[in-house]
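Subject: Structure handover and findings

Dear colleague,

Please find below the structure for your consideration. A summary of the findings comes after it.

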Amino acid sequence: MAISLAASKRPFVTLPFLLPSLTDTLALGACRHQSSYRRTKQRLRVKPDVSFGPSQQSRDHIIRNPPSSAPSVYHTPNKFLPSTDARKSVRPDPFAAATATANVNELPNVCKPKNEGKYHLTPSDVEEIRQLRLSDPMAWSRLKLAKKFDCSPLFIAIVCEASPNKKAIQKQVLEAMQSRWGPKRRMAREDRQLRREAWGRDA
């Protein structure tokens, strides 16, 4: 059921119920909050403790104001204890013990030591690696050959390559993975390939 509303031809000034009252306007203008700058500053103006201020009396000792916590004998450093205090004999100075036992030769190295290369493989070992890699590339992977001959997988990759059979299997596995990619991942991989080609051109 449609209801038609006709706009009134009278001006809005002659309709006082549509305009805010004068008391509401004054109340909004004169509204003050508790969190004003003056009141906040007045509440934060707290006088510090007497021991923190300058003293008129001549003193021959140091005033230490530790943070508020449970009292403990370990909170007072040895520097602030008198020479006749029994806590000095019970608890030695940790800084003195650290400096006495410190040795420059025992400190850890700043830089990581460089690993020295191993040159223990002979030409016969290299030939054996190639034969094992070509005979059964699925069983003798780079990691297994590296563990057997005590070398790095990078050296195995430099010495010998996988057989054409293994390369074809790896290509099929990669194509099966790429078939499950969505449009976003496919576009990201294509962009990565284009960036690599641009790197080669810039070099």
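The notes below cover the basis of the model, its largest pocket, the residues around Asp 150, and the cysteines.

This is a predicted model, in which local features need pLDDT of at least 70 and side-chain atom pairs count only at pLDDT 80 or more, while totals for chains, interfaces and linings use all residues. Residues are numbered from 1 along each chain as its sequence is written, and side-chain values use heavy atoms, with hydrogens and water left out.

The largest pocket (an open set of points on a 1 Å grid over the protein atoms alone, where a 1.4 Å probe fits, with protein on both sides within 12 Å along at least five of seven lines) has a volume of about 190 Å³, the volume being the space filled by probe spheres set on the points. Among its lining residues (an atom within 4 Å of a point) are Glu 116, Lys 118, His 120, Asp 150, Cys 151 and Phe 155.

Asp 150 sits in the loop between helix H6 (142-149) and helix H7 (153-159); helices are DSSP runs of H or I with at least four residues. Although Asp 150 is not a glycine, its phi is positive, at about 55 degrees. Asp 150 is partly exposed, with a relative accessible area of 43% (buried is under 20%, exposed over 50%, partly exposed in between, with a 1.4 Å probe and protein chains only).

The structure holds zero disulfides (pairs of cysteine sulfur atoms within 2.5 Å). The sulfur of Cys 151 has its closest cysteine sulfur in Cys 160, at 9.5 Å, too far for a bond. Cys 111 is exposed, with a relative accessible area of 60%.

Yours sincerely

Key. Helix = DSSP H or I, 4+ residues; strand = E, 2+ residues; numbered from the N terminus.
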